[in-house]
Amino acid sequence: MNTIRSTWIGWGTLIVAGGGAYFFAKRSINADKQARHEADLKRRRLNQSISEQSTASSPPTQRHRKADHAGSPSTEASHDPAPIDHLSDNGKRKPEEQSKFEAPAPYRSRKGDRFS
C-alpha cells in the first residue's frame, strides 16, 4: 500500500533522476555544439585563406569582375528573368497570345447574399 511518505520518496527520486539526466544531456549537447562551431570556424578560415591566395595570384582584370549590369541598360534588358506582357490599346490581349489554360474573362465574385 502506498503511503504519503513512499509517494514523496518516489516523486523525489524521479525528479532527481530527471534533473541529473537533463544536466548530463545538456552538457553533452553543448559540447557537440562547441565542436561543430570550432569546425565551422576552421573551415571558414581555410576557405578564406584559399580564396585570398587565389585572388592574389590572379590577374587584376579577373579579380574585379563586374556582375552588376545597372550601368548598361542594353545588357540589363537581356538578363530580364520574367519579361511582362503588354496589353493592346483596348486593354485586352490578342487571342493568339492567350494560353489555352487561361479563362477568357477574369473571375468576378457575385455580390450580395449567398445564403438565401
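**Notebook: helices, patches and a ring pair**

I started with Leu14 and found it in helix α1, residues 4-57. Helices here are DSSP runs of H or I with at least four residues, strands are E runs of at least two, and numbering goes from the N terminus. This is a predicted model, where local features need pLDDT of at least 70, side-chain atom pairs count only at pLDDT 80 or more, and totals for chains, interfaces and linings use all residues. Residues are numbered from 1 along each chain as its sequence is written, and side-chain values use heavy atoms, with hydrogens and water left out.

Next I checked the whole chain. I got three helices and zero strands, in the order α-α-α. Just 1% of the 116 residues count as buried (under 20% relative accessible area; exposed is over 50%, partly exposed in between, with a 1.4 Å probe and protein chains only).

Back to Leu14: buried or exposed? Leu14 counts as exposed because its relative accessibility is 52%. I also saw that Trp11, Leu14 and Ile15 make a nonpolar surface patch of about 370 Å². Patch residues have over 30% relative accessible area and no salt bridge; nonpolar side chains are joined within 5 Å, like charges within 9 Å. A salt bridge would put a side-chain nitrogen of Lys or Arg within 4 Å of a carboxyl oxygen of Asp or Glu.

Then I looked up charge. Arg108, Arg110, Lys111 and Arg114 form a positive patch on the surface. Arg108 lies in the segment after α3 (73-78), and Arg108 is exposed at 65%.

Methods:
Accessible areas come from the Shrake-Rupley method with a 1.4 Å probe; for residues, only the protein chains shown count as cover. Lys and Arg count as positive and Asp and Glu as negative; His and the chain ends are not counted. The place of a charge is taken as NZ of Lys, CZ of Arg, CG of Asp or CD of Glu.
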